[in-house]
Amino acid sequence: MSTAESSPTGTADVIVVGAGPSGSTAAFYLAQAGLDVLVLEKTEFPREKVCGDGLTPRAVKELVKMGVDIDEKAGWIRNRGLRVIGGGVRLELPWPDLASYPNYGLVRPRLDFDDVLARNAVKAGARLQTLSNVTGPILNRAGRLKGVTAKVGPDKQEARYEAPLVLSGEGVSGRLAIAMGLQRREDRPMGVAVRRYYKSPRHDDDFLESWLELRDSASNSDVLLPGYGWIFGVGDGRSNVGLGVLNSSTAFQGTDFRKMMVNWLDGLPEEWGYTEENADGPIRGAALPMGFNRTPHYTRGLLLMGDSGGMVNPFNGEGIAYAMESAGIAAEIAAQALARPAGPQRERVLYAYPKILKDTYGGYYRLGKIFVDLLGHPATMKLATRYGMPRPMLMRFVLKLLANLTDPHASDSFDRIINAMKKVAPAV
């Protein structure tokens, strides 16, 4: 995608840092609100991102809201639900049929998924500037953010951009957030994921596949590896195969995750193709910041969205849906704030942002932290899969809980139980 602006200086109503799912979603809604929004993206499109590439109905809903063409002819692969493997059981769980969410998911490689969202934002009127690596904040005398510095273009020319509000969609690195004094919280969950593409006959699978037990093929004993795995058909002749490990596991520190993935895959059927000769690219890894592990989400002119605010779902490692949802909230708050004069009136609106996030996700993320603490131990996971997997009704409940898919005012008993659990759990 071509750079929309080449000047080393500039102003805007809002600066968005990063053109990932949160940044491009926020830019779309801000532009629709008639604001001049400048998106600063450090790379060029298309570009790789470590991800499972699978989108649950929560993420699909956000794409539909923005009018993104999600037809199969436009490169999207639909899936009908989640196939869960564990405890000697293989169980296919269709996505629930709800009023609030579609009953299907999607798969699309991040290589061009982010490009699609960025183009959608530009079409709405946002200005996208690529090869613009934000390096730090510009503060006024009161210590409030009034813009950012950046290195722009192939020659990394120093640049300054000013705006009354900055939205961070810069991901787990959180360079700007850290510069503003927002450090990662050690009391919140963190995960690590590695993934690789393989040429495989399973590329057109219409279920996302989750492995609750990973077995070490390199060991002669029945050793369980400390994590969960996934296999998602991409539809282009390849599968996205990966695994995740939580920091509640004793194996989180010092584990060679790439070797762990190879050991798991060596035990899978050879005809699936998940072998070195069928690999398409290297094994890549990334951190998964979960459960609001960087707060506050608003301070002194800066709003955090998605991974920069630690909004990955602790239950299932899903980040894209929450990145897009938080971006929509941030964009609405920013538009309402900028419609008021600078000062106390505007700040009153901006300080509502973290409260809305807490009300929306806080109880659910608290439940997720309890879940992470329990399942960080392979023995606990073994017991859960052994006694839970043979019970399809229980697993349908678990699917709704893990994917956070309920109707708020439904008569379904599972929905009522999960909604009640989220309400009574103390928000993180």
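Colleague: How many salt bridges does the structure hold?

Modeller: This predicted model holds 27 salt bridges. Let's look at a few of them together.

Colleague: Gladly! What makes Arg 90 and Glu 92 a salt bridge?

Modeller: The closest N and O atoms of Arg 90 and Glu 92 are 3.8 Å apart. The cut-off is within 4 Å, between a side-chain nitrogen of Lys or Arg and a carboxyl oxygen of Asp or Glu, so the pair Arg 90 and Glu 92 counts.

Colleague: Why is Arg 90 called exposed?

Modeller: Arg 90 has 55% relative accessibility. Exposed means over 50%, so Arg 90 earns the word.

Colleague: And why does Glu 92 count as partly exposed?

Modeller: Glu 92 comes out at 35% relative accessibility. Buried means under 20% and exposed over 50%; the value for Glu 92 lies in between, so partly exposed is the right term.

Colleague: How do you know that Asp 112 forms a salt bridge with Arg 108?

Modeller: Here the closest N and O atoms are 3.0 Å apart. That is within 4 Å, so Asp 112 and Arg 108 pass the test.

Colleague: Is Arg 108 buried or exposed, and what about Asp 112?

Modeller: Arg 108 has a relative accessible area of 9%, which is under 20%, so Arg 108 is buried. Asp 112, with 27%, falls in between the two limits and is therefore partly exposed.

Colleague: What makes Glu 162 and Arg 160 a salt bridge?

Modeller: Their side chains meet at 3.6 Å, N to O, and this is within 4 Å, so the name fits. Glu 162 is at 30% and Arg 160 at 41%, so both are partly exposed.

Colleague: Which residues do salt bridges that share partners join into one network?

Modeller: The network is made of Arg 83, Arg 90, Glu 92, Arg 202, Asp 205 and Glu 209.

Colleague: Let's turn to Glu 62. Why is Glu 62 called buried?

Modeller: Glu 62 has a relative accessible area of 6%, under the 20% limit, so Glu 62 is buried. You will find Glu 62 in helix H2, residues 57–65. Beyond residues up to four places away in sequence, Glu 62 touches Ala 321, Met 324 and Glu 325.

Colleague: How do you know that Ala 19 is buried?

Modeller: Ala 19 is at 0% relative accessibility, and buried means under 20%, so the answer follows. Ala 19 sits in the loop between strand E2 (14–17) and helix H1 (21–32). Leaving aside neighbours within four places in sequence, its contacts include Val 39, Phe 45 and Leu 128.

How values were computed:
Residues are numbered from 1 along each chain as its sequence is written. This is a predicted model: local features need pLDDT of at least 70, side-chain atom pairs count only at pLDDT 80 or more; totals for chains, interfaces and linings use all residues. Side-chain values use heavy atoms; hydrogens and water are left out. Buried means under 20% relative accessible area, exposed over 50%, partly exposed in between (1.4 Å probe, protein chains only). Helices (H or I, at least four residues) and strands (E, at least two) are DSSP runs, numbered from the N terminus. Contact means heavy atoms within 4.5 Å.
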